[in-house]
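Biologist: Please take a close look at the enclosed empty space in this model, with particular attention to the second largest cavity. Which residues line the second largest cavity?

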Amino acid sequence: MPDLDLTESARRALSLIPGQGVVGLAVSGGGDSMAMLHLMQAVAQRPLAVATVDHGLRAAAAAEAARVGQMCAGLGLPHEVLVWQHGAVEGNLMAAARRARYGLLADWAQRQGIGAVLVAHTADDQAETVLLGLARAAGLDGLAGMRPRWQQGGVAFHRPLLAVTRAALRGFLQRRGLWFVDDPSNEDLAFDRVKMRGALAGLAAVGITAPGLAAVARNLAAVQADLRGLAAEAAERLVGERAGALELDRAGFAALPDELARRLVQAGLMWLSGADYPPRAEALGRMVQGLRDGRDCTLWGCRLVHRKGCALLLREPRALGPDVALGAVWDGRWRVTGPGAGVVRAVGVQGLAQLPDWRAAGIAREAALVTPGVWEGDRLLAAPGLGSGLTFGKEFAATLTAGFGLFLLSH
């Protein structure tokens with residue numbers, strides 16, 4: 001891709017971000033993000049700020065982050081290093097690092113008053129994502145690739161380079177003699193994405209290329225967006241949210257086409273659990289069938305409980321997040337505010353025992369148990385998620401960080 005086209009792509013990407021406030025750039029020091037840095041700096045008509053996440057997983061990462069800072073200083077751009085503080089990481093390391101990265105970037109952007117952050121995924125990354133979906137026999141969502149934009153922690157993240165190849169960005173840097181670093185993990189065949197990178201190189205011989213697969217992802221994403229709209233319409237008719245739980249109209253749900261039913265249940269599970277990815281298709285299918293059959297079941301840290309005429313989809317008590325201080329986000333969804341220094345955790349059985357009138361709220365017991373409570377030791381100070389409780393004259397409020405309807409449209 002000629003440099004003129006790259007520059008125009010950068011200019012167009014910035015023009016799509018509303019307002020005139022600061023735009024954040026996530027720059028690791030790799031070729032893709034360094035090219036994005038220089039391209040955006042060349043065309044920006046608004047202020048930019050840069051952040052580099054040091055995951056603490058490679059000895060060279062700190063020095064690379066410092067070098068990015070030096071480059072930013074030369075360009076007159078503010079730069080901050082965000083360090084992932086962690087001990088031993090259990091489970092999927094790459095998934096944990098990804099969650100940490102976007103959490104750190106969202107926190108940084110909020111601190112700085114930045115409403116939009118750009119990340120430098122390319123057409124090659126999109127193609128690899130499609131191949132990973134094919135390997136899992138994924139459905140539409142798995143084959144539609146990475147989203148060009150999404151919301152997290154009150155910040156809009158954008159991927160402006162999804163139509164640009166990695167080679168084009170490397171060429172841009174090399175022609176100008178600009179510094180970038182190659183992460184050795186990009187050659188580690190222990191990672192599935194690296195394997196797909198090798199497979200993509202082989203597929204070029206039969207005409208399957210990164211730009212071609214990225215175009216397929218865009219086409220499927222358009223279909224995905226239409227289905228999201230239909231699912232949102234169905235949710236408005238059939239799904240209600242109360243005290244952080246979802247109430248589903250079973251009769252209306254039974255009449256839905258299978259794909260819309262699956263999307264509603266999947267979105268509900270992800271909204272409740274905060275999971276980055278949906279459960280596997282087979283497990284999700286069992287829960288959808290459980291809803292149709294009137295059978296209680298659990299999945300993804302959530303429970304499906306049937307009541308007369310409706311079903312409740314809600315958090316599983318044992319899967320709830322750890323205690324947090326007032327003002328922090330609890331269980332990934334609730335923010336409880338109020339005076340003093342109480343601790344936020346679930347109301348639970350112990351809390352309901354201290355709320356003799358909790359039934360007056362008209363909320364099912366299963367839902368009441370997993371709403372947030374404000375605690376001082378073993379004493380429940382308030383149950384603001386129920387809309388009532390022991391407040392002792394103090395004002396507490398519990399709000400959800402995102403409503404289900406907005407979540408459904410954006411995922």
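Modeller: In this predicted model, the lining of the second largest cavity is made up of Val239, Leu246, Leu248, Leu264, Val265, Gly268, Leu313 and Phe404. Two elements each give two or more residues to that lining, namely strand S8 (245-249) and helix H11 (258-273). The largest share, three residues, is supplied by H11. Sorted by class, the lining of the second largest cavity holds seven nonpolar residues, one polar residue and no charged residues. Gly counts as polar in this classification. The space inside the second largest cavity amounts to about 30 Å³.

The setting of this cavity may be added. A search of the whole structure for cavities of 30 Å³ or more returns two. The largest cavity encloses about 50 Å³, and its lining consists of Arg242, Ala245, Glu247, Leu312, Ile363, Ala364 and Ala367. Five residues of the lining of the largest cavity are nonpolar, none is polar and two are charged. Arg and Glu belong to the charged class, so Arg242 and Glu247 are the charged members of the lining of the largest cavity. For the second largest cavity, by contrast, the lining has no charged residues. Strand S8 spans 245-249; Ala245 and Glu247 line the largest cavity, while Leu246 and Leu248 line the second largest cavity.

Technical notes
Residues are numbered from 1 along each chain as its sequence is written. This is a predicted model: local features need pLDDT of at least 70, side-chain atom pairs count only at pLDDT 80 or more; totals for chains, interfaces and linings use all residues. Side-chain values use heavy atoms; hydrogens and water are left out. On a 1 Å grid over the protein atoms alone, a cavity is a set of points where a 1.4 Å probe fits but cannot get out, and a pocket is an open set with protein on both sides within 12 Å along at least five of seven lines; lining residues have an atom within 4 Å of a point. Grid points are joined across faces, edges and corners, and a volume is the space filled by probe spheres set on the points. Helices (H or I, at least four residues) and strands (E, at least two) are DSSP runs, numbered from the N terminus.
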